[in-house]
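Visitor: Hi! Could you walk me through this model at an easy pace? I'd like to go over the strands, the helix and the odd spots.

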Amino acid sequence: MRAKRKQKLFVILGLVSLAAIAVGLTLYALRSNINLFFSPVQIAAGDAPLERQIRAGGMVREGTVNRDKESLEVTFTVTDYADDVEVRYSGILPDLFREGQGVVVVGQLQQGGWLRADQVLARHDENYMPPEVAQALEEAGYSPEDYQAKAAEVGKRLDAQGDATSQN
């Protein structure tokens, strides 16, 4: 092999090696920023990783919202009407947050099976279902239509209770 050809070969091998290292470091950095979505059914089945950032979604179960009078601590239960997950959050909840309303919670699943939330996102319409929720329900053997019907029923009942309270 001539010296010139050998030099080009080393340059090309060096560039390929640097590109491989750059891709590897990028993938390693992105690994910790991925938030995988899990439904309460999947969390109850043990599919969700412990103490790693995840997203969990469902409806806020009626009668489960407890607010601490001394702080911004709130506990509530997220359900898909098949299984429940307790959520503990410290902060100001979104204006659209209420019982019977759909939420997506970003946080870490703890050893006791509860979720320590860093962020709570409220959905504006109980008829909307993110594709990952629908897919998770179907994989668990539940119909998204049944879930949406139950959510609509809860929403109507809560609206009726609100109307009755405002008339008194």
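**Strands, a helix and some odd spots**

Guide: Let's begin with a pair of facing residues: opposite Leu36 stands Ile54, in E2. Keep in mind as we go that this is a predicted model.

Visitor: Got it. In what sense do E1 and E2 pair?

Guide: Parallel, over 3 bridges, with E1 covering residues 36-38.

Visitor: And what is the bridge partner of Ile54 in E6?

Guide: Gly107. E6 is residues 102-109, and E2 pairs with E6 in the antiparallel sense over 7 bridges.

Visitor: How many bridges does E2 make with E4?

Guide: There are 2, again in the antiparallel sense, and E4 is residues 73-79. Val60 has Val78 as its bridge partner in E4.

Visitor: With those neighbours, how many residues of E2 are buried?

Guide: E2 runs over residues 53-60, and 6 of its 8 residues are buried, so the strand is largely enclosed by the rest of the structure.

Visitor: Let's move on to E5. Which residues are on its covered face, and which on its uncovered one?

Guide: The covered face has Val85, Val87 and Tyr89, while Asp84, Glu86, Arg88 and Ser90 make up the uncovered one. Side chains in a regular strand alternate between the two faces of the sheet.

Visitor: Nice. What does E5 pair with?

Guide: E4 is one partner: the two run antiparallel and are joined by 7 bridges. Within that pairing, Val74 stands opposite Tyr89. E7, residues 115-122, is another partner, paired with E5 in the parallel sense over 3 bridges. There, Val87 stands opposite Leu115.

Visitor: What goes on in the hairpin of E4 and E5?

Guide: It has 4 residues between the strands, and Tyr81 takes a positive phi near 65° there. Tyr81 is not a glycine. Most residues other than glycine have a negative phi. As for its surroundings, Tyr81 counts as partly exposed because its relative accessibility is 26%, which falls between the cut-offs of 20% for buried and 50% for exposed.

Visitor: What about Glu51, what is its phi?

Guide: Also positive, about 50°, and Glu51 is not a glycine either. Glu51 sits in the loop between helix H2 (40-44) and E2.

Visitor: Changing topic: how many aromatic pairs are there?

Guide: The count comes to 1. The pair is Phe76 with Phe97: their ring centres are 4.9 Å apart and their planes are at 65°, so the pair is edge-to-face. Phe76 belongs to strand E4 and Phe97 to the loop between E5 and E6, so the pair ties together parts 21 residues apart in sequence.

Visitor: Are Phe76 and Phe97 buried or exposed?

Guide: Both Phe76 and Phe97 are buried.

Visitor: Last stop, the helix. How many residues of H1 are buried?

Guide: The number is 0 out of 29, so H1 lies largely in the open. Its end C-alpha atoms are 42 Å apart, and that agrees with the 42 Å its residues should span at 1.5 Å each.

Visitor: Which residues make the nonpolar surface patch?

Guide: Val11, Leu15, Leu18, Ile21 and Leu25 make it, and the patch is about 520 Å². Take Leu15: it is found in H1, which covers residues 3-31. Leu15 counts as exposed because its relative accessible area is 54%, where exposed means over 50%.

Visitor: Great, thanks for the tour!

Notes: Residues numbered from 1 in each chain as written. Predicted model: local features only at pLDDT ≥ 70, side-chain atom pairs only at ≥ 80, totals over all residues. Heavy atoms only, no water. Patch = residues over 30% accessible without salt bridge, like charges linked within 9 Å, V, L, I, M, F, W, Y side chains within 5 Å. Areas by Shrake-Rupley, 256 points an atom, 1.4 Å probe, with all protein chains shown as cover. Salt bridge = Lys/Arg side-chain N within 4 Å of Asp/Glu carboxyl O. Buried < 20%, exposed > 50% of the residue type's maximum accessible area, 1.4 Å probe, protein only. Pairing = 2+ DSSP bridges. Expected span 1.5 Å × (residues − 1). Phe/Tyr/Trp six-rings, centres within 6.5 Å; stacked < 30°, edge-to-face > 60°.
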